[in-house]
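Work through the exercises below with the sequence and the model open. Try each task before reading its solution.

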Amino acid sequence: MKELLRELREKSLSAIDGTNTAEELDALRVQYLGKKGELTAILKQMGKLSAEERPVMGQLANDVRAALEEKLDERKAYLAEKALEQRLATEMLDVTIPGEKHKMGHRHPMYIVLDEIKSIFIGMGFDILEDREVELSEYNFTKLNVEEGHPAREWSDTFYFDDDSRILLRTQTSPMQVHAMESRELPIRIIAPGRVYRKDEVDATHSPMFHQIEGMAIDKGVTMGDLKGTLNEVVKQLYGSSTVTRFRPHHFPFTEPSCEMDVQCHKCGGKGCPTCKGEGWIEILGAGMIHPKVLEGCGIDSTVYSGWAFGMGLERLALRRFNISDLRLIFENDIRFLEQF
Ligand code: DAH
């Protein structure tokens, strides 16, 4: 038995030295010291010993158990330390390496102006509508009182999808007026910003794609005075309280009467300069009282309700707001230009 204990001691101590993980170590602990372990198996034979031998063997067995436990603890601490060292080596963080700078983008100048306009109108109780860019000619033209044969309906002016000139890229945001009238309860106060498309060549003031903001208010007793008061207030909030404006008579098929709104040139104060092409004024939008035919076509009783509407070019507003001279800069996305705002 003494020999068995000696063997167990030798073989277990060297086995423990050979372990590399905490799991291996645990397995050995069970194998040698567990209830069904090898040491227990030897101790079960104690009964066969004489009364003199028993305490001696008992002492010896206790020594082996103590030596084994000590060795297991020692190895456990050693493996833990090794694992930590390895983690520190692989997860090493060099705080002296210069940081990587992430470039933050920012809003495009045109969208800065759009957000300003949106918040001005929201402050006046208007809702924002955003919708389709592919439109039926019925909505883009017919329901807006733009009759067959109107030049805007020409193939040379409009992007059509089909040979019947039924489906097109909208040429104006005005069809949003019709969608709003057909889908909303009265009274209606909305603005509808978005892209529009025309077969124009690109130059300093033209692009085949540009942005408009449509606006519309319909209620009982709405007059041209409301139109002028609202748009004057919007322009003053946008460009400053000293901004001078004027309204000129004009013609649009879907409004009667119709007008255009000009803002006095900020560069020359109205004297005339290259920015305003010598006019002293810069046109910013078309507007008018919604034509009774348009209201009736959308099921609104024009003897009870009236409304005004406008459409403005967003790029043009942004050019003026930031003193930009060429429309193309808005679309080219040259970072050196965009970073200035
Ligand atoms: N849709 C017109 C255009 O693209 C602009 C316009 C004029 C819109 C008068 C309106 C309006 O709502 O009442 O030229």
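Three exercises follow, on the ligand, the strands and the cysteines.

This is a predicted model, in which local features need pLDDT of at least 70 and side-chain atom pairs count only at pLDDT 80 or more, while totals for chains, interfaces and linings use all residues. Residues are numbered from 1 along each chain as its sequence is written, and side-chain values use heavy atoms, with hydrogens and water left out.

**Exercise 1.** Describe the shell around the ligand and the polar contacts to the ligand.

Solution.
1. A residue is near the ligand if one of its heavy atoms lies within 4 Å of it. The ligand has 15 residues around it, and Gln 172, Ser 174, Gln 177, Arg 198 and Glu 214 come nearest.
2. Sort the shell by class: eight residues are polar, five nonpolar and two charged. Here Ala, Val, Leu, Ile, Met, Phe, Trp, Tyr, Cys and Pro count as nonpolar, Asp, Glu, Lys and Arg as charged, and the others, Gly among them, as polar.
3. Look for pairs of N or O atoms within 3.5 Å, the cut-off for a polar contact. The side chain of Glu 214 has an N or O atom 2.6 Å from a ligand oxygen. For Gln 212, a polar side-chain atom is 2.9 Å from an oxygen of the ligand. Ala 309 uses a polar backbone atom, 3.1 Å from a ligand oxygen.
4. On its own the ligand has 350 Å² of accessible area, of which the protein covers 89% (Shrake-Rupley method, 1.4 Å probe).

**Exercise 2.** Place strand S8 among its partners.

Solution.
1. Strands are DSSP runs (E, at least two residues), numbered from the N terminus. S5 (209-220), S8 (281-290) and S9 (305-313) each supply at least two residues of the ligand shell.
2. Two strands pair if DSSP finds at least two bridges between them. S7 (residues 255-264) and S8 run antiparallel, joined by eight bridges; Glu 260 stands opposite Gly 286.
3. S8 also pairs with S9, antiparallel, over five bridges. Ala 287 has Phe 310 in S9 as its bridge partner.
4. Nine of the 10 residues of S8 are buried (under 20% relative accessible area, 1.4 Å probe, protein chains only).

**Exercise 3.** How many disulfides are found in the whole structure?

Solution.
1. A disulfide requires two cysteine sulfur atoms within 2.5 Å. The search finds zero.
2. Cys 265 is in no disulfide, and its nearest cysteine sulfur, that of Cys 268, is 3.6 Å away.
3. Cys 265 counts as buried because its relative accessibility is 1%. Cys 268, at 13%, also counts as buried.

Methods: Polar contact = N/O pair within 3.5 Å; in protein donor to acceptor, adjacent residues only side chain to side chain. Helix = DSSP H or I, 4+ residues; strand = E, 2+ residues; numbered from the N terminus. Buried < 20%, exposed > 50% of the residue type's maximum accessible area, 1.4 Å probe, protein only.
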